[in-house]
Amino acid sequence: MSEATNKSRHNKEVSHHYDVVIVGAGPTGVVTANFLGEQGIRTLVIDKESDVIDIPRAVGICEEGSRIVDATGLGEEISKGLVEINDVFFMDKKINPMFRLGFNEALNGNPALRTFHQPKAERVFRKGLKRYPNVEVWQNTECLQFSDLGDQVKLRVLKRNKSNNEQYLDISCRYMLAADGARSSIRKMLNIPFEGRTYAQDWLVVDIKKDPSKDSDRSYIYFICDPDRPGVSLPTPDGGRRWEFVVKAGETEEQMTSDENLRKLLKPWCNLEDIELERRSVYTFHAVIAKKFSIGNVFLLGDAAHLTPPFAGQGLMAGLRDAYNLAWKLAFVLKGKLPESFLNTYSEERRPQASLIVSLARLVGIFILPQNPLLAKARDWLFKLGTRSLGNQDDEQRSGLRKVPNNIVGYKALRYWQKDPNTLETGFELPQFNVQNSQQTTRPIDRYLPCEFIVLSYNNNAVSCLQSNTYEKFRFLGGQFIELGNQPICNNENPNSNYLFDIDNEYSTLFEHGSKHVLIRPDRMVVAIASHEDLDKTLNEYFCKIGIPSIELMENNTGLTKALSFPIPLKRKLPKIA
């Protein structure tokens, strides 16, 4: 290679600086970038791949995941073509149903369970970034090393173009996010180990393009509870279907993916010759969690922080919760609205919840897919009991499976295993129902809430309950006051105020007909509930808890952003996708 060629392939450029650098452009990283983009945070996403990996991996999205996706402004686009699941059947080895769980109840305005095509969803997320000029994406770029200097993180990256020319670039940022997957190089550089029993288990994954099942079967998921060969069958978007089968000890990938073996495994469902295979691969599922979710200015998200078996369908959902929890905190700290110490709450809130989800998925797998014949018989006996907690085969009496709702209360969440998601509880998400804004447009309430701290009241004026210093402190934080009520907008005296019509009176009971005020964070977590008399005291206690100083200190700190003198519009105006 000539000296000139060598110089052109290894060209070092001047440094670049960003507020946040995200390593990894998978769904968790790109969703985080969308949230930061909306907040105006200068963000760089780097990924070593040249494009979206065109292999469907994650396949399930629950109502909580849908709510987070809606918060990016991309929910309607993502929802196109998703397959809504109504029931999950548990089948014996002869593919006869033993019992089923119902999933046809909408929760917080979204279907309880749907299947999606990950590559298509990722492309929508990436397209969404084009709305924000403050967000850049560098593909074919790898982080080689980094150094956390306390007030910034410096990175050395290797960037390749389409001609395979290489550039070694020095970039810096205030915070770095590692969303680079299960084999995260950033986590390894930080020497953060995974903890927990790995529950390593190989599975054969088979995806086909044209589902031979009847249309009536496309709203069902089937768990094949055969101790000799546990498996799963589920419909996927665009008329596809996925099967997953346990790989037993001693079986090789070549054996499992052979036409002969696929013909045998799929015989109860279809003939191999009549289907179009999209993929046949062997994957190893794990159940582990990182010992720490952050060190200094570097944070772990998604599979870099936790690996979850697929049985509860919560792997990607945990990554989305990470993104939703961390992005607004980074934005508020970078804008001077919150102290940097508040970022410690990311690990404090997310690690326990993620740990519970990993444990839940592992337990579900052990229970529904045992390979030990004796355990399988015990499991079948429990199925036959048809207990209410598991549901049964009677359409009128069967019940859905409830998981612990998304929360920030840590391991205390175990007390809320059967919590009704449509109740107000500190540390859990605000229940979501349809409301009507001043333009008489009906949408789920999240669509009308700004990404700020909000005091929600019902037929009541929260401002009148506050002393002037408390009010100024809350507005300095960017906080908003929004009133819910049972009077239609046309009868409201001030249709341009921050008023939302509770069209179905769902919030009336939750707010005890106006006797409660509720403080929620930008991620819709309820962090305080107070009466009229206690609202001022409760707000100040929360301000103290999260490290907000007195109004005098805030006014003297030029790094803090002053509150707007006008209300933020109730209709969130996100830029349209090009």
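These are my notebook entries on a predicted model, covering its nonpolar cores, one helix and a strand hairpin.

Conventions. I number residues from 1 along each chain as its sequence is written, and side-chain values use heavy atoms, without hydrogens and water. Local features need pLDDT of at least 70 and side-chain atom pairs pLDDT 80 or more, while totals for chains, interfaces and linings use all residues.

Entry 1, cores. I looked up the largest nonpolar core (buried Ala, Val, Leu, Ile, Met, Phe, Trp, Tyr and Cys residues joined through side-chain atoms within 4.5 Å; buried means under 20% relative accessible area with a 1.4 Å probe, protein chains only). It has 91 residues, of which Leu155, Leu338 and Phe453 touch the most other members. Helix α9 (residues 315-334) gives the largest share, 12 residues; helices are DSSP runs of H or I, at least four residues, and strands runs of E, at least two, numbered from the N terminus. Another core, of 24 residues, lies apart and includes Trp203.

Entry 2, helix α2. I compared the span of residues 27-38 with 1.5 Å times one less than the number of residues. The expected span is 16 Å and the end C-alpha atoms are 17 Å apart, which agrees. In α2, 11 of 12 residues are buried, among them Phe35 and Leu36. Just after α2, Gly40 has a positive phi of about 80°.

Entry 3, strand β27 (residues 517-520). I found His517 and Leu519 pointing one way and Val518 and Ile520 the other, all buried. β27 pairs (at least two DSSP bridges) in the antiparallel sense with β24 over 4 bridges, with Ile454 opposite Ile520. β27 also forms a hairpin with β28, with 5 residues between them.

Note on methods
Buried means under 20% relative accessible area, exposed over 50%, partly exposed in between (1.4 Å probe, protein chains only).
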